[in-house]
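Good morning. I have one structure to go through today, and I will keep it short. Please look at the screen.

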Amino acid sequence: MKKYEWARGALAAVVVLLMAAFLLVLSSTFYPVGLGPRQPIPFSHRVHVHVKQLSCLMCHTTVTEQRRAGIPPLQTCLLCHQRIIRTYPYIEKLRQAFAQGKPIIWQRVNWVPEFVYFDHSLHLNKGIDCGHCHGNVAMMDRVVAARKFEMGFCIQCHREKNATHDCFTCHR
């Protein structure tokens, strides 16, 4: 009986370690909470906006003139990445996609229903900061939806800003 007592102790230790690892994973110690969806090419807004201090408008060039902010075209990325960190595997993937005329299919993070009319340029030109709706994107490695875009959120903001409450402003 004493011959296998060490095995029982080792088995108990292994079970305790596995349970501890499982609890750490569940508590998000190793995997941060709030990461947005994994994208085909990892893009960190934190690095580009916060660390490198690039303006949002450098990539989202039409957001002050058009309804949609949109995802920048690949040639926007290549303005820098034709010369900077060219050999990084994901940058190489981006450059190859551009050379072959293949789109990168990004996972959409934010959206409003089709029956809602929303104009980014109107809001930006009225001085509404992007972070009011999208959260602190400048500190996000993977963009996560800061909130659900539901009517209550919009109505509350319109009340605070003394903007119109006319239904046909947003529902066209």
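Let me start at the surface: Ile84, Ile85, Tyr88 and Tyr90 make a nonpolar patch of about 390 Å². Patch residues have over 30% relative accessible area and no salt bridge, with like charges joined within 9 Å and nonpolar side chains (Val, Leu, Ile, Met, Phe, Trp, Tyr) within 5 Å. A salt bridge is a side-chain nitrogen of Lys or Arg within 4 Å of a carboxyl oxygen of Asp or Glu. Areas come from the Shrake-Rupley method with a 1.4 Å probe, and for residues only the protein chains shown count as cover.

Two notes on the source. This is a predicted model, where local features need pLDDT of at least 70 and side-chain atom pairs pLDDT 80 or more, while totals for chains, interfaces and linings use all residues. Residues are numbered from 1 along each chain as its sequence is written, and side-chain values use heavy atoms, without hydrogens and water.

Back to Tyr88, which sits in the loop between α4 (74–81) and α5 (89–100). Helices are DSSP runs of H or I, at least four residues, and strands are runs of E, at least two, numbered from the N terminus. Tyr88 has 42% relative accessibility, so it counts as partly exposed; that class lies between buried, under 20%, and exposed, over 50% (1.4 Å probe, protein chains only).

How many disulfides does the structure hold? Zero, where a disulfide means two cysteine sulfur atoms within 2.5 Å. The sulfur of Cys130 has its closest cysteine sulfur in Cys56, 5.4 Å away, which is too far for a bond.

Overall, the protein has nine helices and zero strands.
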